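Trainee: I am new to this structure. Please choose a single part of it and go through that part closely.

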Amino acid sequence: MAVGIYISGLEHATDNETVEKYAARYVKELENATFDNCYYTKIEKIYYTTNQSSLVIHIFEHPKNTDKSDTDKLVYKLYDFEYSEQLNQNFQNKNLLFKNSCLLLLVIRRFPRLIINLFKKSTYQKGGKTAYMFIIFLIMSLAVLSLLPLLLLSLDNTFIVENIATLGSKSNLNLIIKYGIILTVTFMLFMPESNIILTKIAAEFFTMDSYIQSKKQIHHVKHNLEELMAFIVTQEGNEKIHFHTYSFGSIIALDTLFPIDSEPSKNIKNQVNLLVTIGAPYEFVTKYYPHFLENRNDQMTKKIQWINVYSLVDAFASNFRYDNKAGEANFGILNKQEIPININYEITQKTDYYVFDFLGLKQTYMHESYWDDSNNGQSCTKLIFFKMREIGQWSAA
């Protein structure tokens, strides 16, 4: 019996997905794939260090028409690796003005790279879509920041107007306020749950940038993941370990499996033999942070199998191809050495986006299109499950 580690995305990506839901979807697929058995889960909370905990989902099997018992067969375990709270705790404690200022500065810093990606010939086929996303982030941050002059005006209109010599003419101030009102009202009227979405997206991109740019953050997250793996090896013995990852969790896993100019840890080399990535923003990261995944150790290329799930309408998901089409992968993190097994998962055929899609953050929602809110709803889990069975990584059913 293998053991899984579930590595989620950042805050905005985890709204509709938890380790409990992820495990429940596998239970559903197990029951659909067998006729004689039923499956259920038990949840346990463990501490793998003094301060770090993990939810462990046990998946049990028992014959149909019988009651659950202590002798039921344990067929799989999923350990949850939670890292996003560690990264964005300080950010979340800040006010909305600080968060949007950070988002604006992040967009400004990455804007030159965005322009380069739009016009530079490369294998990255989603430059237009990510430019679209950056424009949304720019508008969102400016919309909230435009409330600041309105706040100042409401405090004391006479004082502000009489003391604008250092700011410019009265007409300029009125112009700023006018367009501030237009931008803010547009944002609030057309953007569903605008305050919530804005806060989450700001936190997600600030946290991603902080992780990639900070060696201290990288070391902290990878150290905790190593601690969890050491705990699992102590508890489970020589069982093989699967990484199940979603969104930025995929980058955490790739960063761990293929370290920079050093060997993977002993537990990584000996235990991990499967990587599952869902909506992996690999190409997005490599285009806006081009040196982050360079000079990687290749020892794990022959030791793991890699399943990659992607959607063509997801602005962030990588299909590891030289075009934005469904099909077999052409390259991996180390180019040709470890090409993933591609699984295309689509819930819509629409690829053109219009004004209301723009205002409604259509492409942001597409990053969450890999599963329904309900545990019993449609999801990509079925395709992953059957592919795992096909390549010999799930022998329970």
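Mentor: What follows is a look at one helix, its place in the chain and its contact with another helix. The model is predicted, so to speak of local features a pLDDT of at least 70 is needed, side-chain atom pairs count only at pLDDT 80 or more, and totals for chains, interfaces and linings use all residues. Residues are numbered from 1 along each chain as its sequence is written, and side-chain values use heavy atoms, with hydrogens and water left out.

First, the setting. The protein chain holds 15 helices and eight strands; these are DSSP runs numbered from the N terminus, with H or I over at least four residues for a helix and E over at least two for a strand. The chain has 397 residues, and 52% of them count as buried, where buried means under 20% relative accessible area, exposed over 50%, and partly exposed in between, with a 1.4 Å probe and protein chains only.

The part chosen is helix α1, which covers residues 19-33, 15 residues in all. From first C-alpha to last, α1 reaches 21 Å, close to the 21 Å expected at 1.5 Å a residue; the expected span is 1.5 Å times one less than the number of residues. Buried in α1 are Val19, Tyr22, Ala23, Arg25, Tyr26, Val27, Glu29 and Leu30. An α-helix has 3.6 residues a turn, so residues three or four places apart point the same way.

Next comes the partner. Two packed helices are described by the angle between their axes and the distance between the axes. The axes of α1 and α15 (residues 381-390) come within 9 Å and cross at roughly 65°; axes are lines fitted to C-alpha atoms over the stretch in contact, and angles run from 0 to 180 degrees between N-to-C directions. The crossing is right-handed, meaning that the near helix is turned clockwise from the far one by less than a right angle.

On the α1 side, the contact (heavy atoms within 4.5 Å) is made by Tyr22, Arg25, Tyr26, Glu29, Leu30 and Ala33. On the α15 side, Thr381, Lys382, Ile384, Phe385, Met388 and Arg389 take part. Together the residues of this contact divide into seven nonpolar, one polar and four charged. Here Ala, Val, Leu, Ile, Met, Phe, Trp, Tyr, Cys and Pro count as nonpolar, Asp, Glu, Lys and Arg as charged, and the others, Gly among them, as polar. Tyr22, Arg25, Tyr26, Glu29 and Leu30 are thus named both among the buried residues of α1 and in its contact with α15.
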